[in-house]
Amino acid sequence: MTCSYIELVDEIIRANPRYVGITAMTHSISSAATVARLIKEKKKDIFIILGGVHISAVPEATLEKYAECFDVGVIGEGEETIIDLLKAIECGTPLED
């Protein structure tokens, strides 16, 4: 079963998350950005984290092009970074630290 972007976003909004993680390879970055943009249009306070091969390969270009879609990009293995990232966000620690 496939669903539309709108159905996916509606399901995410119903779950009422504080954070949403999206992974994208280069061939799917525009779809990931579309989903993220639709989420932000419905609920701006959801923090959207981008991970995956594309952001790891071209981080600056990706965040410049899709700045309005993603709050932060994780370079490398997100599984190793996500806990520290969420703790920093919760504590208000600058992400540069």
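**Figure 1. Surroundings of Ile22 in the predicted model****.** Leaving aside neighbours within four places in sequence, Ile22 is in contact with Ala32, Val35, Ala36, Ile48, Ile49, Leu50, Gly51 and Phe70. Ile22 is also among the residues with the most contacts inside the largest nonpolar core. In the sheet, the bridge partner of Ile22 in β2 is Leu50. The side chain of Ile22 points to the face of β1 that it shares with Val20, and both residues are buried.

**Figure 2. The largest nonpolar core.** This core has 19 residues, and Val20, Ile22, Ile39, Ile48 and Phe70 are those with the most contacts inside it. Two or more residues come from each of α1 (5-15), β1 (19-23), α2 (29-42) and β2 (47-51). The element that gives the most is α2, with 7 residues. Apart from this core there is a second, separate one of 5 residues, which includes Ile49, Val72, Val74 and Leu85.

**Figure 3. The open sheet.** The sheet is made of 3 strands in the order β1-β2-β3, and the pairing is parallel. β1 and β3 (72-73) stand at the edges; each has a single partner strand, so one side of each is left without a neighbour in the sheet. Between β1 and β2, which run parallel, there are 5 bridges. Among the bridge partners in β2 are Phe47, which is paired with Tyr19, Ile48, which is paired with Val20, and Leu50, which is paired with Ile22.

**Figure 4. The two faces of β1 and of β2.** In a regular strand the side chains alternate between the two faces of the sheet. Along β1, Val20 and Ile22 point to one face and are buried, while Tyr19, Gly21 and Thr23 point to the other and are not. In β2 both faces are covered: Phe47, Ile49 and Gly51 are buried on one side, and Ile48 and Leu50 are buried on the other. Of the 5 residues of β2, 5 are buried.

**Figure 5. Thr62 in helix α4.** Thr62 lies in α4, which spans residues 59-65. The relative accessibility of Thr62 is 2%, and because the limit for a buried residue is under 20%, Thr62 counts as buried. Not counting residues up to four places away in sequence, Thr62 touches Ile29, Leu50, His54 and Ile55. One of these contacts, Leu50, is also in contact with Ile22.

**Figure 6. The largest pocket.** The volume of this pocket is about 200 Å³. Its lining has 14 residues, and those nearest the centre are Thr23, Gly51, Gly52, Gly76 and Gly78. The elements that give two or more residues to the lining are β1, β2 and α5 (78-91). By type, the lining divides into 5 nonpolar, 7 polar and 2 charged residues. Thr23, one of the residues nearest the centre, points to the face of β1 where the side chains are not buried. Gly51, also nearest the centre, is buried in β2.

**Figure 7. Asn16 in the loop between α1 and β1****.** Most residues other than glycine have a negative phi. Asn16 has a positive value, near 55 degrees. With a relative accessible area of 48%, Asn16 is partly exposed.

**Figure 8. Two exposed helix residues, Arg14 and Asp84****.** Arg14 lies in helix α1 and is exposed, with a relative accessible area of 60%. Between Arg14 and Glu64 there are 29 Å in space, C-alpha to C-alpha, and the two are 50 residues apart in sequence. Asp84 is placed in helix α5. Its relative accessible area is 53%, and because exposed means over 50%, Asp84 counts as exposed. Asp84 and Ala32 are 52 residues apart in sequence, with 23 Å in space from C-alpha to C-alpha. Ala32 is one of the contacts of Ile22.

Conventions. Residues are numbered from 1 along each chain as its sequence is written. This is a predicted model: local features need pLDDT of at least 70, side-chain atom pairs count only at pLDDT 80 or more; totals for chains, interfaces and linings use all residues. Side-chain values use heavy atoms; hydrogens and water are left out. A nonpolar core is a set of buried Ala, Val, Leu, Ile, Met, Phe, Trp, Tyr and Cys residues joined through side-chain atoms within 4.5 Å. Buried means under 20% relative accessible area, exposed over 50%, partly exposed in between (1.4 Å probe, protein chains only). Helices (H or I, at least four residues) and strands (E, at least two) are DSSP runs, numbered from the N terminus. Contact means heavy atoms within 4.5 Å. On a 1 Å grid over the protein atoms alone, a cavity is a set of points where a 1.4 Å probe fits but cannot get out, and a pocket is an open set with protein on both sides within 12 Å along at least five of seven lines; lining residues have an atom within 4 Å of a point. Grid points are joined across faces, edges and corners, and a volume is the space filled by probe spheres set on the points. Ala, Val, Leu, Ile, Met, Phe, Trp, Tyr, Cys and Pro count as nonpolar, Asp, Glu, Lys and Arg as charged, and the others, Gly among them, as polar. Two strands pair if DSSP finds at least two bridges between them.
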